[in-house]
Amino acid sequence: MRVLIAEDDLTSRIMLQAVLSKWGYDVTSASDGEEAWDVLQRTDAPPLVVLDWMMPGMDGLTLCRKLRAQDRADPLYILLLTAKGESNDIVRGLEAGADDYVAKPYDNEELRARIGAGRRVLELSFEVAMRQKLQGVLEMAGAVCHELNQPLHIVTGYSEMLLVDLKESDPQAETLRIIKAQVDRIGELTRRIMHITQYRTKDYLGGRHAIVDIEEASSEAGGMK
Amino acid sequence: MINRRILVVDDEALICEMMKWAFTNAGYEVQTAASAEEALELVKTQKYLVFFLDLNLPGMNGIELCRNIRKNNPLTIAYAVTGYASTFEVFDCREAGFDDYFTKPAEMKTLFQAAEQAFQKLARWSRNE
C-alpha cells in the first residue's frame, strides 16, 4: 500500500522511510506541509498519510484540517506523529481530523501496528465501496433491461411476422432482416447485462472515462447459484 | 374437438396486441387481459387451455396468477413471458406451476412452438383419461 510521510527533520524522515519500506509500504516523502498537500492533490495520491505535527509553514494539524475540509473522492487515513504527549493535544489532533496518534519517540512496533490498523480500515473501505458499486450496477441493469425488453419484444414480434409475409427475394425483406438483426443484437445485450456478476470497467475515450465492461462483467462461469 | 384458445396476460397493451395478432395469424383463438384480476374474471366465463403470462403485473403478479389458475384448472398449460431474467424467478415459476419460462424479447417462432406443443400434450392427456 502507498504511504505519504511528511516530516521536516531529515534524519527522522530517512528513518521513517526506511522502516516503512522494510514493512512493505510504497513510500512517498514530503519535507513540509505544502509539499504533502500537493502530493495529496494528485489523482494517484496515497490513501495512507503519516504526518509530523511540528513542521515549519503548514503544520500537521493545519494540514489535517485542510484535508478533512476537502471534498475527497477516496478515503484518507491520517496518522499524526508528535513530540507532544499531553492528552489535550491528542484530543486536538483527533478533532482536527487525524485517525490515530503516535507520540515521539515512538516504539517501532507500535508504529507498525497502528499503521497496520490504518491499512485494514482502508482495505475494508475499498471492499465495501466495490460491493456497493456492484450493487448499484445490478440495480440499474435490472431496471433498464426490464424497461428495454418490453419494446424489444414488440419490435421483434412485428419484424418477425412481417418477414414471414415477404418473399426471400423482395428487397424490403433484406432491409427488414437487417432491422430484425439489430433488434436481436439489442436483445443479446440486455440478456448479457442482466447476467452481470462482477464490477469490471474499461477505458472509454482514451482513458478519460471508465464504463462498465459488459463482457468482462458478465463472463462469470459460475452459472446458476 | 379440443379448442385452441389462448389467454395472453400483459399489462402493456402493445404487447397484448402484437401477441394477439401473431397468434391469430398462426391459427389460434386469442384473448388478452391487462391484469391478473381481469384474467381471473375471463377464466370464469371461458375455458382456456394455454396461458402466456407476464410476471410483472399491477396488483396480483403473474406468479400468484399462475397458482390461482392451476388450483382450479389443473389440465392447462401456463408459460411465463417475462422482461426480467433472474435465476430466482425460474425457481419461483416452477414452484407456482409454470410449464416453461421465456424471457423478452422472445421470438414468436419460439412461442408458437410452445403453444403447439401445449395443445398436443393436452390432446394426448384428454385421450388418455
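Biologist: Starting with chain A, how many bridges join S1(A) to S2(A)?

Modeller: Bear in mind that this is a predicted model. S1(A) and S2(A) run parallel, and Val3(A) has Val27(A) as its bridge partner in S2(A). The number of bridges joining S1(A) to S2(A) is five.

Biologist: And is the β-α-β unit there right-handed or left-handed?

Modeller: Its three parts are S1(A), helix H1 (residues 10-22) of chain A and S2(A). The unit they make is right-handed.

Biologist: S1(A) has another partner too, right? What is the bridge partner of Ile5(A) in S3(A)?

Modeller: Strand S1 (residues 2-6) and strand S3 (residues 48-52) of chain A pair in the parallel sense, with four bridges. Across that pairing, Ile5(A) has as its bridge partner Val50(A).

Biologist: Which strands of chain A stand at the edges of the sheet?

Modeller: The sheet is open, has parallel pairing, and puts its five strands in the order S2-S1-S3-S4-S5 (chain A). Each edge strand has a single partner strand, so one side of it is left without a neighbour in the sheet. The two at the edges are S2 (26-30) and S5 (100-103) of chain A.

Biologist: By what angle are neighbouring strands of this sheet turned against each other?

Modeller: Take the average over neighbouring strands and ignore direction. That gives 20°.

Biologist: Zooming out, what distance separates the centres of domain 1 and domain 2 of chain A?

Modeller: The domain assignment gives residues 2-106 as domain 1 and 128-217 as domain 2. With their centres taken over C-alpha atoms, the separation is 48 Å.

Biologist: What about the contact with chain B: which helix gives the most to that side of chain A?

Modeller: The contact takes 18 residues from chain A and 17 residues from chain B. On chain A, helix H5 (108-165) and helix H6 (171-193) each supply at least two residues. The one that gives the most, with 13 residues, is H5(A).

Biologist: How many residues on that side of chain A are charged?

Modeller: Seven of them are nonpolar and eight are polar. The charged ones number three.

Biologist: I'm curious about the end of chain A. Is Ala217(A) buried or exposed?

Modeller: Ala217(A) lies in helix H7 (residues 214-217) of chain A. Leaving out neighbours within four places in sequence, it is in contact with Ile196(A), Gln198(A), Tyr199(A), Arg200(A) and Val212(A). Its C-alpha atom is 7.8 Å from that of Thr201(A), 16 residues apart along the chain. Because 22 other C-beta atoms lie within 10 Å, and 20 is enough, Ala217(A) counts as buried.

Biologist: Now chain B. Which strands stand at the edges there?

Modeller: Chain B has an open sheet of five strands with parallel pairing, ordered S2-S1-S3-S4-S5 (chain B). An edge strand here has a single partner strand, so one of its sides lacks a neighbour in the sheet. That describes S2 (29-33) and S5 (100-103) of chain B.

Biologist: Helix H1 of chain B packs on the sheet, so to speak; what angle does its direction make with that of S2(B)?

Modeller: Neighbouring strands of this sheet are turned by 20° against each other on average, direction ignored. Helix H1 (residues 13-25) of chain B touches strand S1 (5-9), S2 and strand S3 (50-53) of chain B. The angle between its direction and that of S2(B) is about 170°.

Biologist: How many residues of S1(B) are buried?

Modeller: S1(B) pairs in the parallel sense with S2(B) over five bridges and with S3(B) over four bridges. Leu7(B), for instance, has Phe51(B) as its bridge partner in S3(B). S1(B) is mostly covered, and out of its five residues the buried ones number four.

Biologist: Over at S4(B), which residue of S5(B) stands opposite Ala80(B)?

Modeller: Strand S4 (residues 77-82) of chain B pairs with S5(B) in the parallel sense, over four bridges. Facing Ala80(B) is Tyr101(B).

Biologist: Last one: how many other C-beta atoms lie within 10 Å of Tyr79(B)?

Modeller: Tyr79(B) lies in strand S4 of chain B. Beyond four places in sequence, it touches several residues, among them Phe51(B), Phe98(B), Phe102(B) and Ala114(B). The C-alpha atom of Ala115(B), 36 residues apart along the chain, is 9.0 Å from that of Tyr79(B). Tyr79(B) is buried, and the count of other C-beta atoms within 10 Å is 22.

Conventions: Residues are numbered from 1 along each chain as its sequence is written. Chains are lettered from A and ligands numbered from 1 in the order in which they are written. This is a predicted model: local features need pLDDT of at least 70, side-chain atom pairs count only at pLDDT 80 or more; totals for chains, interfaces and linings use all residues. Domain bounds come from an automatic or database domain assignment. Two strands pair if DSSP finds at least two bridges between them. Axes are lines fitted to C-alpha atoms, for helices over the stretch in contact, and angles run from 0 to 180 degrees between N-to-C directions. Two residues are in contact if their C-beta atoms, placed from the backbone, lie within 7 Å. Ala, Val, Leu, Ile, Met, Phe, Trp, Tyr, Cys and Pro count as nonpolar, Asp, Glu, Lys and Arg as charged, and the others, Gly among them, as polar. A residue is buried if 20 or more other C-beta atoms lie within 10 Å of its own, exposed if 12 or fewer, and partly exposed in between; C-beta atoms are placed from the backbone. A crossover is right-handed if, with the strands pointing away from the viewer, the path from the first strand over the helix to the second runs clockwise.
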